Amino acid sequence: MTFEDLGVIEPILKALDAKNYKEPTQIQERAIPVVLKRRDVLGSAQTGTGKTAAFAIPIIQLIHQIEKKQQGNRPVIRSLIVTPTRELAIQIDENIRDYAKHTFIKHAVIFGGVKQSKQVASLKNGVHILVATPGRLLDLIDQGYISLDTVKIFVLDEADRMLDMGFIHDIKKLLKLLPEKRQSLFFSATMPNNIVKLSSTILSNPQKIEVSPTSSTAETIQQFIYYTNRPDKKQLLVHILKDPELKQVLLFSRTKHGADRIARDLKKKRISVAAIHGDKSQNQRQRALSDFKDGNLRVLVATDIAARGIDIDKLRHVINYDIPNIAETYVHRIGRSGRAKEDGIAISICEPEENAYVRDIERLIKKKITVLSDNPFPQTDKPMTEAEKKEWNKEKQRRKQEFFAQRKASKQRRGGGGGKWRGR
Ligand code: AMP
């Protein structure tokens, strides 16, 4: 099967050729003809399957063909693509730029965390395709810079993550602003009940397209695991990174704090590293990402949300510094390597408290993760019993209170001790 067989038009074929896309991926093969027929789509596809092109190519084609006669007029928004993270929005827009480079399609991307002036300027000349994160989109609609009245094709991307990130109210608001008569494409990596319910409020008589359900991790990814003790994780990571085969690594940390700490530790070992997470500014995140993509960083440490949707060409290695307690998150994480038929390697580091999570993951992916034996720091501790966990949580609570009490005391000391005089 070729893109030509799917009915893709010449200017787009030329662009795909330049990107060296030899044949459509499974989701592209199934979705492109359906979208071209103007049908709604309920797509269940994980990242790395070529999902972006599966919706972007037919959207560009439809607009190119239908609007041809209006060429020269100021473009109006014909397609709105809403996606949860800024990184993903930027990536989708970059893909559209590449696929549409031999068409007259105008496109723009808007996302929060940066000043709006440049984005507003790009909208002023008119665009056919707008890629947006929900918050900034609603903001610019409120300010009167964007109207959705002209939208013909609406795409909701990564719907499951969108709900995880608490965007449900924003999506409901958006749906009220979109024309009722429209084509809608809905994509989600997982399809739990709440997602199916949401999709039914958006789609009408959709064609269901499912490629490799979440439980089947990409076959090209080899998965390994080290069992170790919690205090040894740091040293084990340094041991793993001694292997020169690991040229570039995307490393996952559950928390922002953890991500910063890992980055600090690796820096001390003279490993080039940066961390991205929600507390970093948009510019810091973009810089870290482009440094990593350009090969100037060996390790990029990321939290799940920050890493979602990041597409790094030819990334082979992913390390899980901790084991996610939601098995699907593991699948998303390792899906960052081995994208589009490249082979990938995922290495996980597991402390005793996470042993049970590994069992959940293995149940979901229906295979055993290979345990690595070259482990200088093998796991010897046992997971805590329920009683020990309770005790530990109490102790954590006590330490937290002590920390805040000390901070308050030191603040008061700095303030001269006299609340009455403050501000005089
Ligand atoms: P996505 O799932 O949309 O994030 O795409 C994953 C990666 O696959 C991106 O780097 C795309 O550029 C690449 N890709 C998408 N479609 C194809 C194709 N037909 N042939 C080769 N690479 C592709």
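## Exercises on sheets and aromatic pairs

S3 and strand S4 (residues 129–132) pair in the parallel sense over 4 bridges; two strands pair if DSSP finds at least two bridges between them. Strands (E, at least two residues) and helices (H or I, at least four) are DSSP runs, numbered from the N terminus. The model is predicted: local features need pLDDT of at least 70, side-chain atom pairs count only at pLDDT 80 or more, and totals for chains, interfaces and linings use all residues. Residues are numbered from 1 along each chain as its sequence is written, and side-chain values use heavy atoms, with hydrogens and water left out.

**Exercise 1.** Place S3 and S4 in their sheet.

*Solution.*
- Start from a residue pair: the bridge partner of Ala108 is Leu130 in S4.
- Read the strand order, which is S3-S4-S2-S5-S6-S1-S7 in an open sheet of 7 strands with parallel pairing.
- Find the edges: strand S3 (107–110) and strand S7 (207–210) each pair on one side only.
- Take the twist, which averages 15 degrees from one strand to the next.
- Add a helix: H2 (residues 26–36) lies across strand S1 (41–44), S6 and S7, at about 165 degrees to S7. Axes are lines fitted to C-alpha atoms, for helices over the stretch in contact (heavy atoms within 4.5 Å), and angles run from 0 to 180 degrees between N-to-C directions.

**Exercise 2.** Describe the sheet that contains S9 and S12.

*Solution.*
- The order is S10-S11-S9-S12-S13-S8-S14, in an open sheet of 7 strands with parallel pairing.
- Its edge strands are S10 (273–276) and S14 (370–371).
- Strand S9 (residues 249–252) runs parallel to strand S12 (residues 317–320), joined by 4 bridges; Leu250 stands opposite Val318 in S12.
- Helix H15 (residues 355–365) touches strand S8 (221–227) and strand S13 (344–350), and makes about 160 degrees with the direction of S8.

**Exercise 3.** Classify the pair Phe55 and Phe187, and state whether each residue is buried or exposed.

*Solution.*
- Apply the cut-offs: rings of Phe, Tyr and Trp (its six-membered ring) pair if their centres lie within 6.5 Å; planes under 30 degrees apart count as stacked, over 60 as edge-to-face and the rest as tilted.
- The structure holds 3 aromatic pairs. In one of them, the ring centres of Phe55 and Phe187 are 5.4 Å apart and the planes stand at 40 degrees, so the pair is tilted.
- Locate the partners: Phe55 is in helix H3 (residues 51–66) and Phe187 in strand S6 (residues 183–188), 132 residues apart.
- Check accessibility (buried is under 20% relative accessible area, exposed over 50%, partly exposed in between; 1.4 Å probe, protein chains only). Phe55, at 0%, is buried, and Phe187 counts as buried at 1%.
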